[in-house]
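Look at the chain before you read on. Turn it around and follow it from end to end. This report then takes it part by part.

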Amino acid sequence: MLLATAILIPTAMMVAGAPATEWNGRLLALLLYAGVPGTAVAYWATAVASRNLPAVTTALGLLTTPVVSVAVATLWLGEPLTLPLIAAIVLILGGIAIGTTGSRQDP
């Protein structure tokens with residue numbers, strides 16, 4: 001991510017110029033949240049889960065991320081829950097269900 005940031009920031013500055021940002025307490029709180037619990041804690045939790053759970057379980061658990069994101073955006077931010085989002089949630093949860101209940105063939 002650091003390499004991508006180092007490449008994308010200068011490119012964005014050349015193309016679009018410096019962003020007009022109004023610094024205030026709310027913005028600072030959002031940036032701190034995104035940096036510490038939103039990113040660092042999430043990666044730490046994923047690493048711990050990967051160490052203690054089978055890879056398939058961890059991967060299937062990570063597939064719920066978009067479903068949780070849509071639920072939070074709908075309930076907390078008041079975003080509309082559209083038919084395509086509902087279809088996507090059904091497909092994601094269906095895929096997870098298939099992954100958890102699929103037949104296992106022993107070699």
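Is threonine 74 buried, partly exposed or exposed? Threonine 74 is partly exposed, because its relative accessible area is 22% and buried means under 20%. Keep in mind that this is a predicted model.

## Overall build

The chain is helical in its elements. It holds 5 helices and 0 strands. Read from the N terminus, the order is α-α-α-α-α.

Now take the dimensions. Along the principal axes, the C-alpha atoms fill a box of roughly 55 × 35 × 30 Å. The radius of gyration of the chain is 19 Å. For a compact globule of 107 residues, the value would be near 13 Å.

## Surface and burial

Few residues are hidden by this count: 7% of the 107 residues are classed as buried. The chain exposes about 8,800 Å². Carbon and sulfur atoms supply 74% of that area.

## A nonpolar patch

Which residues form a nonpolar patch on the surface? They are Leu81, Leu83, Leu85, Ile86 and Val90. Together they have about 450 Å² of accessible area.

Take valine 90 from this patch. Valine 90 sits in helix α5, which covers residues 83-101. Valine 90 counts as exposed because its relative accessibility is 54%, and the cut-off for exposed is over 50%.

## The largest pocket

How big is the volume of the largest pocket? The figure is about 160 Å³. Six names make up its lining: Arg26, Leu30, Tyr33, Val72, Trp76 and Leu77.

Which helix gives the largest share of this lining? Helix α2, residues 25-52, does so with 3 residues.

## Back to threonine 74

Threonine 74 lies in helix α4, which spans residues 65-75. Compare its place with that of proline 19. Along the chain, threonine 74 and proline 19 are 55 residues apart. In space, their C-alpha atoms are separated by 28 Å.

Key:
Residues are numbered from 1 along each chain as its sequence is written. This is a predicted model: local features need pLDDT of at least 70, side-chain atom pairs count only at pLDDT 80 or more; totals for chains, interfaces and linings use all residues. Side-chain values use heavy atoms; hydrogens and water are left out. Patches are made of residues with over 30% relative accessible area and no salt bridge: like charges are joined within 9 Å, nonpolar side chains (Val, Leu, Ile, Met, Phe, Trp, Tyr) within 5 Å. Accessible areas come from the Shrake-Rupley method with a 1.4 Å probe; for residues, only the protein chains shown count as cover. A salt bridge is a side-chain nitrogen of Lys or Arg within 4 Å of a carboxyl oxygen of Asp or Glu. Helices (H or I, at least four residues) and strands (E, at least two) are DSSP runs, numbered from the N terminus. Buried means under 20% relative accessible area, exposed over 50%, partly exposed in between (1.4 Å probe, protein chains only). The radius of gyration is taken over C-alpha atoms; the globule rule is 2.2 Å times the number of residues to the power 0.38. On a 1 Å grid over the protein atoms alone, a cavity is a set of points where a 1.4 Å probe fits but cannot get out, and a pocket is an open set with protein on both sides within 12 Å along at least five of seven lines; lining residues have an atom within 4 Å of a point. Grid points are joined across faces, edges and corners, and a volume is the space filled by probe spheres set on the points.
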